[in-house]
Amino acid sequence: MATIKDIARLANVSIATVSRVLNYDPTISVSDETRKRIFEVAQEMNYKTLRERSGQSGKERYRIGLLNWYSDQEEMLDPYYMAIRLGVEKECAQRQMELVKMTGQAGDSRPDRSGESFDGIVAIGRFDSDDLDMLPAGCDNVVFVDSSPDDQRYDSVVIDLPKAVGEVVDHLVRYGHRNIGYIGGRNMVNGKRVRDERELVFGERLRELGLFRPEFVYTGAKLFSEDGYKLMKEALAGGEMPTAFFIENDSMAVGALRALHEAKVSVPKDVSIVGFNDIAISEFLHPPLTTVKVHMEFMGETAVELLAERLATKRDIAKKVVLPTSLTVRDSTARVEETGSAGGGKA
C-alpha cells in the first residue's frame, strides 16, 4: 500500500506538500504541474493494469483519439476522470496504440480536428445523445466510459449506480441512521442542470424506506472540493442536522470534511460521511473516508480492450460492460448507538 512518504519521494516534493495537496488545502501555493504530478503518482501507486500484472503485451498499431469530459485543471480538482484516463493511457501503451488527445470537451460546439484521422475513439465523461455530434462523421469505433449515450451504436463501460447507492443507504440504515443527507452537484448538460443518477437513486431508496427528507438534500453547480465545503457550510447553517451524509464524490467529501472540522463537528461521532469513487487520496483523509470503490483505472483499461476487440473483429453490434463496485468501510462512519447522537448535532 502506498504511503504519503512514498508519494513524496516519487513526486520529488515534501511530505507536508503531498498531505496538503491531497487534502485540497486552499492555502497551499504550488504550481499546477506539481499538483498534477502528485495526484498522478498517488493514483499510479495504487493501481497496476491487468496486462502489467500478467506480463502480456499487444501488437496492435492503431491511432486512438481520447476525448475527455474534464480539462487538465478539473482533473486535479476531481481525480476520478484522471484515474480513468491513466487506465486508458497504460493499456494503449501496452498494446502499442498511439493515443492522441482530441481538442475540445463536452459542451463545445464542435472541436477542431481538421486533418486528423483515428481508428477509434475513447470518450471519458458524462456524455449524452446531444454530444454525439462532437464525434467525427462516420466513426462507429467509439467507446464511452462513464456514460452510454447510444446503446445501439456505441460500446460503453459503466458501473451499476443503483446497486452502489443502494449499498450506501443500506450501510447507513444498518448503522442506525434515520436522518440521512445528500450533498452533490448538478452538471450543465446542453445548457441545463441535470441531476446525477446518484441523487435520483438516493431519493428513491430513502422514499422506499420512508426516510426521505428533501430539506436534507444540498446540491450545487460543480463536483469539486470547494463545492462540498460550501454545501456542508449551508447544511451547518440550517436547522436540524442529519446524522449522516452521502456525498456524490470523494472530492466533494474532502471539502465537506473541512467544513465540519472548522465547525468543531466530529466525524463520525457527530456526523457520518460516505463518499463515492475511492480516489487515491480517500485513505489519507482525517478520518479515512468510507466510500464506494469504483475500479476507475480498470474502466479505462476495459474501454481500450473493447475498442481493440471491435477493431480486430469488425464487430458491428454494440457492447455495454457494467462493472461492479464495492463499499469500502473506513473510519468516517459509525453506528448511531456508538456515537450517542439520535438526531444529529449543530455547531
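Pro-324 is found in the loop between strand 12 (320-323) and strand 13 (326-328), where strands are DSSP runs of E with at least two residues, helices are runs of H or I with at least four, and both are numbered from the N terminus. With a relative accessible area of 56%, Pro-324 is exposed, a class that requires over 50%, whereas buried means under 20% and partly exposed covers what lies in between (1.4 Å probe, protein chains only). The C-alpha atoms of Pro-324 and Lys-163 are separated by 8.8 Å, although their positions lie 161 residues apart along the chain when counted as a separation in sequence.

The model is predicted, so that local features need pLDDT of at least 70 and side-chain atom pairs count only at pLDDT 80 or more, while totals for chains, interfaces and linings use all residues. Residues are numbered from 1 along each chain as its sequence is written, and side-chain values use heavy atoms, with hydrogens and water left out.

## The protein as a whole

The secondary structure comes to twelve helices and 13 strands, and buried residues make up 54% of the 347 residues in the protein. About 14900 Å² is exposed by the protein, and carbon and sulfur atoms supply 48% of that area, as computed by the Shrake-Rupley method with a 1.4 Å probe, for which, in the case of residues, only the protein chains shown count as cover. Among contacts between residues at least 6 apart in sequence, 73% join residues at least 24 apart, a contact being defined by heavy atoms within 4.5 Å.

## The N-terminal helices

Helix 1 (residues 4-11) has Ile-4, Ile-7, Ala-8 and Ala-11 as its buried residues. Seen down the axis of helix 1, these residues fall within an arc of 100°, so they line one face of the helix; the arc is that of the directions from the helix axis to the C-beta atoms. The face turned away from this buried side carries the exposed residues Lys-5 and Arg-9. What covers the buried residues of helix 1 includes helix 2 (15-22) and helix 3 (32-44). Helix 1 is followed by Asn-12, whose phi is positive, near 60°.

The axes of helix 2 and helix 3 come within 10 Å and cross at roughly 85°, the axes being lines fitted to C-alpha atoms, for helices over the stretch in contact, with angles that run from 0 to 180 degrees between N-to-C directions. That makes helix 2 roughly perpendicular to helix 3, since this word applies to angles of 65 to 115 degrees, while those under 35 count as roughly parallel, those over 145 as roughly antiparallel and the rest as oblique. Helix 2 contributes Thr-17, Val-18, Val-21 and Leu-22 to the contact, and helix 3 contributes Arg-35, Ile-38, Phe-39 and Ala-42. By class, this contact has six nonpolar, one polar and one charged residues; Ala, Val, Leu, Ile, Met, Phe, Trp, Tyr, Cys and Pro count as nonpolar, Asp, Glu, Lys and Arg as charged, and the others, Gly among them, as polar.

## Backbone features in loops

The table lists two cis peptide bonds and two residues other than glycine with positive phi.

| Feature | Angle | Place |
|---|---|---|
| cis bond, Val-267 to Pro-268 | omega near 10° | Pro-268: loop between helix 10 (250-262) and strand 10 (272-277) |
| cis bond, His-286 to Pro-287 | omega about -5° | Pro-287: loop between strand 10 and strand 11 (290-293) |
| positive phi, Gln-96 | phi near 60° | loop between helix 6 (80-94) and strand 2 (98-101) |
| positive phi, Asp-278 | phi near 55° | loop between strand 10 and strand 11 |

Gln-96 counts as partly exposed at 39% relative accessibility, whereas Asp-278, at 9%, counts as buried.

## Loop residues on either side of strand 10

Lys-269 lies in the loop between helix 10 and strand 10 and counts as exposed at 51% relative accessibility. The C-alpha atoms of Lys-269 and Arg-335, which are 66 residues apart along the chain, are separated by 8.9 Å.

Leu-289, in the loop between strand 10 and strand 11, counts as buried at 0% relative accessibility. Its C-alpha atom is separated by 7.6 Å from that of Val-329, 40 residues apart along the chain. Leaving aside neighbours within four places in sequence, Leu-289 is in contact with Asp-250, Ala-253, Ile-273, Gly-275, Ser-282, Thr-328, Arg-330 and Ser-332.
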